[in-house]
Amino acid sequence: MSNVLVTGGAGYIGSHACKALKAAGFTPVTYDNLVTGWKDAVKFGPFEQGDLSDRARLDAVFAQYQPVAVMHFAALSQVGEAMSEPGRYWRNNVEGSLTLIEAATAAGCLNFVFSSTCATYGEHDNVVLDEGTPQEPLNAYGASKRAVEDILRDFGAAYGLKSVIFRYFNVAGADPEGEVGEHHRPETHLIPVMLEAIDGKRPALTINGTDYDTPDGTCIRDYVHVMDLVDAHVLGLKWLQDGKQSRVFNLGTGKGFSVREVIDASGAVTNREVPYSEGPRRAGDATKLVSGSTRAAAELGWTPDRSTMPQMIADAWRWHQNGHYEG
């Protein structure tokens, strides 16, 4: 079977990508420093512990496994932290990615699938984003991801590196078979935070703002099921293996879900009351941020079949009740 180097493969999205790769006939080789990942999440192929800044370690891994492609998830991704510690984000996300891209190119591994973000677009409130929307990132997280996209473009021109770039917003849900799931410490994402509140593991959820110009007054965000997301990444890999040119794809539902819709769905799925309070808006929060996926549907044949809110919450709830990592 062909090896694929998966950076961040011990993390939430990366571990699900490893499962999808194995199911598609590849051998995922996880490369992770375990700063935010979990060794227990590496279940579908070899594990190599290392940092993206360690060129010698990367060179050794490329030489040992000779991967046919890189699938790059490893990154710091907390917007608040990016605002307060921008240098950390530029150093980790950009310098680390540059070292990885240089190592891949030197090894002759010229197929690269990059997990980017819709944060590269900045604040385009109340529109459906597509790949042509201007990129105007508002923080070091979005800016660092856009910089890596630029590096990939330049290495494509210079060395023939082919890339597929995916931009998306929030990821939710878990592997329905319960082998891997979402496990952050601390947890900051809405759905797992809400499930922790339902389970009594944290105080009530706070709704930040109830006076937005939306049907129920709460802001709207786009969510994609993690299994739909990683299926798109496998399709992107096959796109490159078919000899097609570099391409950018947005992944989203095109409509999004309000905070109250997420709360209502959680209560219905878990059959438990969601404890919450209402608070003021957070500075900088947009009314509605959603992405379309017309290009991904037309060119990759991607459909986010699992990305309904009840399905995402049901899969997340199953993992929340039974799944965890120790190390």
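Two strands pair if DSSP finds at least two bridges between them. The views below are close-ups of a predicted model.

**Figure 1. An open sheet of 4 strands, with mixed pairing.** The strands follow one another in the order β6-β15-β10-β13. Strands β6 (128–129) and β13 (257–258) occupy the edges of the sheet. Each of these two has a single partner strand, so one side of each is left without a neighbour in the sheet. Within the sheet, strand β10 (residues 220–221) and strand β15 (residues 288–291) run parallel and are joined by 2 bridges. Arg221 stands opposite Leu289 of β15.

**Figure 2. Strand β12 and its parallel partner β7.** Strand β12 spans residues 247–251, and 4 of its 5 residues are buried, so the strand is largely enclosed by the rest of the structure. Strand β7 (residues 162–168) runs parallel to β12, and 5 bridges join the two. One residue pair to locate in this view is Ile165 with Val248, its bridge partner in β12.

**Figure 3. The surroundings of Asn111 in strand β5.** Strand β5 comprises residues 111–115, and Asn111 belongs to it. The relative accessible area of Asn111 is 17%, which lies under the 20% limit, so the residue is buried. When residues up to four places away in sequence are not counted, Asn111 touches Val68, Ala69 and Val70, together with Leu161, Lys162, Leu240 and Gln241.

**Figure 4. The surroundings of Glu48 in strand β3.** Strand β3 covers residues 47–49 and includes Glu48. Glu48 counts as buried because its relative accessibility is 11%. The side chain of Glu48 makes a polar contact with the side chain of Tyr65, at 2.6 Å. Beyond the residues up to four places away in sequence, Glu48 touches Val29, Thr30, Tyr31 and Asp32, as well as Arg57, Val61, Gln64 and Tyr65.

**Figure 5. Ala147 in helix α5.** With a relative accessible area of 15%, Ala147 is buried. Trp90 and Val94 are in contact with Ala147, leaving aside its neighbours within four places in sequence. Ala147 and Ile207 are 60 residues apart in sequence, and their C-alpha atoms are 33 Å apart in space.

**Figure 6. The largest cavity and its lining.** The count comes to 1 cavity of 30 Å³ or more. The largest cavity holds about 30 Å³ of space. Its lining consists of His72, Ala74, Ala75, Asn93, Ser97, Phe114, Lys145 and Val148. Helices α4 (86–106) and α5 (140–159) each supply at least two residues of this lining. By class, the lining of the largest cavity has 4 nonpolar, 3 polar and 1 charged residues.

**Figure 7. The second largest pocket and the residues closest to its centre.** About 310 Å³ of space lies in this pocket. The pocket is lined by 18 residues, and those closest to its centre are Glu182, His183, Glu187, Glu196 and His320. Helices α6 (190–198) and α10 (309–322) each contribute at least two residues to the lining of the second largest pocket. This lining is made up of 6 nonpolar, 7 polar and 5 charged residues.

Terms used. Residues are numbered from 1 along each chain as its sequence is written. This is a predicted model: local features need pLDDT of at least 70, side-chain atom pairs count only at pLDDT 80 or more; totals for chains, interfaces and linings use all residues. Side-chain values use heavy atoms; hydrogens and water are left out. Buried means under 20% relative accessible area, exposed over 50%, partly exposed in between (1.4 Å probe, protein chains only). Contact means heavy atoms within 4.5 Å. On a 1 Å grid over the protein atoms alone, a cavity is a set of points where a 1.4 Å probe fits but cannot get out, and a pocket is an open set with protein on both sides within 12 Å along at least five of seven lines; lining residues have an atom within 4 Å of a point. Grid points are joined across faces, edges and corners, and a volume is the space filled by probe spheres set on the points. Ala, Val, Leu, Ile, Met, Phe, Trp, Tyr, Cys and Pro count as nonpolar, Asp, Glu, Lys and Arg as charged, and the others, Gly among them, as polar. A polar contact is a pair of N or O atoms within 3.5 Å; within protein, one must be able to donate a hydrogen and the other to accept it, and residues adjacent in sequence count only if both atoms are side-chain atoms.
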